[in-house]
Amino acid sequence: MATLIITTVIGGRRERHRWARDALTDAFVAFLEASWRHSDKAAQAASAGADAEQLLAEYREMRSQLTRMRLLAADGVVDAGQSLLRQQRQVHDVPAGPDRDAALAAASTARRGVIAAAKKEMGLL
């Protein structure tokens, strides 16, 4: 009987950990995909006339996924995510041209920081 109880408790913990890891992975992927879409649309804005509303939609998606990350990830991951979110906002706010190019480069650097933090959080580094 004791073995059954211990197995049930340990199995339940494993399932919760697996669920949290899967949910966190989904949040990382969605956050990063929204960031790349935002950057791509911003880079195309000068030539193709990307809609500011499209950029804002991607920014909102990043904010939503960052909220999920806050619930599931360590502070270092959240800090990296907030840094990227701020950089993406900068991309959104500056006009097309050299300032936007610089903001896109800063966002790219911040995105690599999120990837590194996510890998560390998941034990992949």
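How many aromatic pairs does a search of the whole structure find? The search finds zero, where a pair requires rings of Phe, Tyr or Trp (its six-membered ring) with centres within 6.5 Å. This is a predicted model, in which local features need pLDDT of at least 70, side-chain atom pairs count only at pLDDT 80 or more, and totals for chains, interfaces and linings use all residues. Residues are numbered from 1 along each chain as its sequence is written, and side-chain values use heavy atoms, with hydrogens and water left out.

**Helix H3**

- Helix H3 spans residues 75-93; helices are DSSP runs (H or I, at least four residues) numbered from the N terminus.
- H3 has 19 residues and reaches 27 Å from its first C-alpha to its last, close to the expected 27 Å, the expected span being 1.5 Å times one less than the number of residues.
- The buried residues of H3 (under 20% relative accessible area, 1.4 Å probe, protein chains only) are Val-77, Val-78, Ala-80, Gly-81, Leu-84, Leu-85, Gln-88, Val-91 and His-92.
- These buried residues lie on the same side of H3 because they cover an arc of only 160° around the axis, taken from the directions from the helix axis to the C-beta atoms.
- Asp-75 and Arg-86, on the other side of H3, are exposed, that is, over 50% relative accessible area.

**Gln-90 and Arg-89**

- Gln-90, a residue of H3, has 39% relative accessibility and therefore counts as partly exposed, the class between buried and exposed.
- The C-alpha atoms of Gln-90 and Ala-103 are separated by 6.2 Å, although the two residues are 13 residues apart along the chain.
- Arg-89 lies over the face of Tyr-59, at 5.2 Å from the ring centre; the criterion is NZ of Lys or CZ of Arg within 6 Å of the ring centre and within 35 degrees of the ring normal.

**Ser-39 and His-38 in helix H1**

- Ser-39 is placed in helix H1 (residues 2-48), and its relative accessibility of 8% makes it buried.
- The side chain of Ser-39 makes polar contacts (N or O atoms within 3.5 Å, one able to donate a hydrogen and the other to accept it) with the side chain of Gln-88 at 3.3 Å and with that of Arg-111 at 2.7 Å.
- Leaving aside neighbours within four places in sequence, Ser-39 is in contact (heavy atoms within 4.5 Å) with Gln-88, Leu-104, Ala-107 and Arg-111.
- His-38 also lies in H1 and is buried, at 0% relative accessibility.
- Not counting residues up to four places away in sequence, His-38 touches Leu-55, Glu-58, Tyr-59, Gln-88, Val-91 and His-92.

Key. Helices (H or I, at least four residues) and strands (E, at least two) are DSSP runs, numbered from the N terminus. Rings of Phe, Tyr and Trp (its six-membered ring) pair if their centres lie within 6.5 Å; planes under 30 degrees apart count as stacked, over 60 as edge-to-face and the rest as tilted.
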